[in-house]
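Dear colleague,

I am handing over the structure below, and after it I set out what was found. Please keep the structure open while you read, so that each residue can be located as it is named.

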Amino acid sequence: MDIVFIFIILGVVAALVLIFGLIGFIYVKRRYKTATSNEALIITGPNLGDPEKDNRIFQDDNGRSMKIIRGGGNV
């Protein structure tokens, strides 16, 4: 009887891991955007990172930030 209980617990844990893994995969797949060879993704906003450390981030005179991504990346 104890071995059956252990298999039930392992089955539930495996099902939960599978469900959360599938949800994580779908989330990452929806957030990852790609650009074709003659395109670039342009992302704007205040929290893009440090322009001194990342050469893909540009700031204008008013402090607005823009990040240019070639190929693909998370949005």
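Both Asp54 and Lys67 are buried, and this is a convenient place to begin, with the caution that the model is a predicted one. These two residues form a salt bridge with each other, in which the closest N and O atoms are 3.7 Å apart. The pair links distant parts of the chain, since Asp54 lies in the loop between β2 and β3 while Lys67 belongs to strand β4, 13 residues apart.

Asp54 also has another partner, for its side chain meets that of Arg56 in a salt bridge with an N to O distance of 3.3 Å. The structure holds two salt bridges, and through shared partners Asp54, Arg56 and Lys67 are joined into one network.

Why does Asp54 count as buried, and why does Arg56 count as partly exposed? Asp54 counts as buried because its relative accessibility is 18%, and the word is used for values under 20%. Arg56 has a relative accessibility of 32% and therefore counts as partly exposed, the term for values between that limit and the one of over 50% used for exposed residues.

The strands around this network can be taken next. Three strands make up an open sheet in the order β2-β4-β3, and their pairing is antiparallel. The edge strands are β2, residues 41-44, and β3, residues 57-59, each of which pairs on one side only. From one strand to the next, the twist averages 25°.

How many bridges hold the pairing of β2 and β4, and how many that of β3 and β4? β2 pairs with β4 over four bridges in the antiparallel sense, and in this pairing region Ile42 stands opposite Ile68 in β4. β3 pairs with β4, which covers residues 65-69, over three bridges, again in the antiparallel sense, and here Gln59 stands opposite Ser65 in β4. β3 and β4 form a hairpin with five residues between them, and in the turn Gly63 has a positive phi of about 90°.

Lastly, it is worth looking at the two faces of β4, which carry separate sets of residues: Ser65, Lys67 and Ile69 are on the covered face, whereas Met66 and Ile68 are on the uncovered one. Lys67, the salt-bridge partner of Asp54, is thus found on the covered face of β4, and Ile68, which stands opposite Ile42, is on the uncovered face.

With best wishes

Technical notes
Residues numbered from 1 in each chain as written. Predicted model: local features only at pLDDT ≥ 70, side-chain atom pairs only at ≥ 80, totals over all residues. Heavy atoms only, no water. Pairing = 2+ DSSP bridges. Axes fitted to C-alpha atoms, helices over the stretch in contact; angles between N-to-C directions. Salt bridge = Lys/Arg side-chain N within 4 Å of Asp/Glu carboxyl O. Buried < 20%, exposed > 50% of the residue type's maximum accessible area, 1.4 Å probe, protein only.
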